[in-house]
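Biologist: I am new to this structure. Please take a close look at the aromatic rings, and show me what surrounds them.

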Amino acid sequence: MNWDKAKNILIIFFLCVNLCLCTILVYLKRSDLVLSDTAIESTVELLNQHGITMADDDIIPKEKFKNQSYNLTAFTIENENMLEAWLGAGYSLSEENSSLYQYIYKNGNRQLTINKTGLLFYSDKSAVLASPKEEKEIESELTDKLKKFNLKDDAFYFQDVWFENGLYHCIISPMVNDTKIIGIQLEIAADHEEIISISGNWFTFSGVDTFENSGLLDITAVLANMIFLEEKPTNMITEIFYAAFVPEDYINNKIVTATPVYVFQCTDGHEYIFDARSGELLVS
């Protein structure tokens, strides 16, 4: 018997076995990260049977998301440079109640009030009326103005933008690692020259908790749950995305945790928000 030949055959055999095993492992790993076309098609068909339609099958994200929570800390005035950015040089502390975390800063016609997690900035100068513009142009205009308040464009997203009575208006919410945060927002108004009012609650990113040993519900499973809603959507679903949600009850805390949710938006602007871990409907 030719042992050298037999040894070579065995080596080739085991290499082929290892290659097959590696291919299977890669496929299984890939299937854990991406939804199958079959799962998406079956979900769309099920929804259609119950009168729930979608603009396109492609709006369902194929990539599965990590089970992550985002920790956020309430807006604080960290240093004098930040106060100067909001109020200009020469500001003064007008009122203070440190036990309630209430501060009022003033400088001429500008005033900034911080009340625990809420803030209110306004300028009572005579407004220089702006001219109507398209939504994207208004976003660009306001983004440039917000940079002067140390609000960087990668730290927020626009929820709504509009023009009214010679002023540009918008509602913004935080953005963390390309993930939208829902439940925290600022409303802003600006004239042709500058921002004249900011009000609402604001939090900044302070850390992330990743749960490696557990995953989120597949988005198709949560979509399928919509057929059991008492009031099913009568409008077409036009957008589906992953986000992180802070309940209104927690907004007065100095530190909050935004947990993963799936968001389904309809043509009429109606929004369904589901807990991505339990599948529970949180907002409709």
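**Rings, neighbours and pockets**

Modeller: The protein chain has five helices and 15 strands. The model is predicted. Of the 284 residues in the chain, 39% count as buried. Take the contacts between residues at least 6 apart in sequence: 58% of them join residues at least 24 apart.

Now the rings. A pair of aromatic rings is described by two things, the distance of the centres and the angle of the planes. A search of the whole structure turns up 13 aromatic pairs. Start with F65 and Y242. Their rings are stacked, 4.5 Å centre to centre, with 15° between the planes. Where do F65 and Y242 lie? F65 is in the loop between helix 2 (37-49) and strand 1 (68-74), while Y242 is in strand 12 (residues 237-245), so the pair ties together parts 177 residues apart in sequence. How open are the two partners? F65 has 27% relative accessibility, which lies between the 20% limit for buried and the 50% limit for exposed, so F65 counts as partly exposed. Y242 has a relative accessible area of 11%, so Y242 is buried.

A second pair is Y103 with Y105. The ring centres are 6.5 Å apart and the planes meet at 20°. Stacked pairs have planes under 30 degrees apart, so Y103 and Y105 qualify. Both Y103 and Y105 are buried.

Rings can also join into a group. Ring pairs link F75, W86, F121 and F149 into a cluster. Two members of this cluster, W86 and F121, are touched by R110. R110 belongs to strand 4 (residues 110-115). Its relative accessibility is 16%, under the 20% limit, so R110 counts as buried. Leave out residues up to four places away in sequence, and R110 still touches A85, W86, L87, G88, Y105, F121, Y122, S123 and E194. That list includes Y105, one half of the second stacked pair.

Past strand 4 comes a loop to strand 5 (118-123), and K116 is found there. Most residues other than glycine have a negative phi. K116 has a positive phi, near 60°. With a relative accessible area of 38%, K116 is partly exposed. N165 also has a positive phi, near 50°, and is not a glycine. N165 is placed in the loop between strand 6 (156-164) and strand 7. At 67% relative accessibility, N165 passes the 50% limit, so N165 counts as exposed.

Charges meet rings too. The charged end of K180 sits over the ring of F241, 4.6 Å from the ring centre. K254 lies over the face of Y101, at 3.7 Å from the ring centre.

Next, the pockets. Rolling a probe the size of a water molecule over the atoms shows where empty space is left. The largest pocket holds about 560 Å³ of space. It is lined by 23 residues, and those closest to its centre are L33, K64, F65, K66 and N67. So F65 plays two parts here: it lines this pocket and stacks on Y242, which ties distant stretches of sequence together. Helix 1 (3-33) and strand 1 each supply at least two lining residues. Helix 1 gives the most, with three. By class, the lining has eleven nonpolar, five polar and seven charged residues.

The second largest pocket holds about 440 Å³. Its lining has 22 residues, and N150, A155, W202, T204 and F205 are the closest to its centre. Strand 1, helix 3 (80-87), strand 7 (167-176) and strand 11 (203-210) each supply at least two of the lining residues. Strand 1 thus serves the linings of both pockets. The lining here divides into 14 nonpolar, five polar and three charged residues.

One last residue, with a ring among its contacts. E139 is in helix 4 (residues 135-147). At 14% relative accessibility, E139 counts as buried. Setting aside neighbours within four places in sequence, E139 is in contact with F158 and V161. E139 and V161 are 22 residues apart in sequence, and their C-alpha atoms are 7.0 Å apart in space.

Conventions: Residues are numbered from 1 along each chain as its sequence is written. This is a predicted model: local features need pLDDT of at least 70, side-chain atom pairs count only at pLDDT 80 or more; totals for chains, interfaces and linings use all residues. Side-chain values use heavy atoms; hydrogens and water are left out. Rings of Phe, Tyr and Trp (its six-membered ring) pair if their centres lie within 6.5 Å; planes under 30 degrees apart count as stacked, over 60 as edge-to-face and the rest as tilted. Helices (H or I, at least four residues) and strands (E, at least two) are DSSP runs, numbered from the N terminus. Buried means under 20% relative accessible area, exposed over 50%, partly exposed in between (1.4 Å probe, protein chains only). A charge sits over a ring if NZ of Lys or CZ of Arg is within 6 Å of the ring centre and within 35 degrees of the ring normal. On a 1 Å grid over the protein atoms alone, a cavity is a set of points where a 1.4 Å probe fits but cannot get out, and a pocket is an open set with protein on both sides within 12 Å along at least five of seven lines; lining residues have an atom within 4 Å of a point. Grid points are joined across faces, edges and corners, and a volume is the space filled by probe spheres set on the points. Ala, Val, Leu, Ile, Met, Phe, Trp, Tyr, Cys and Pro count as nonpolar, Asp, Glu, Lys and Arg as charged, and the others, Gly among them, as polar. Contact means heavy atoms within 4.5 Å.
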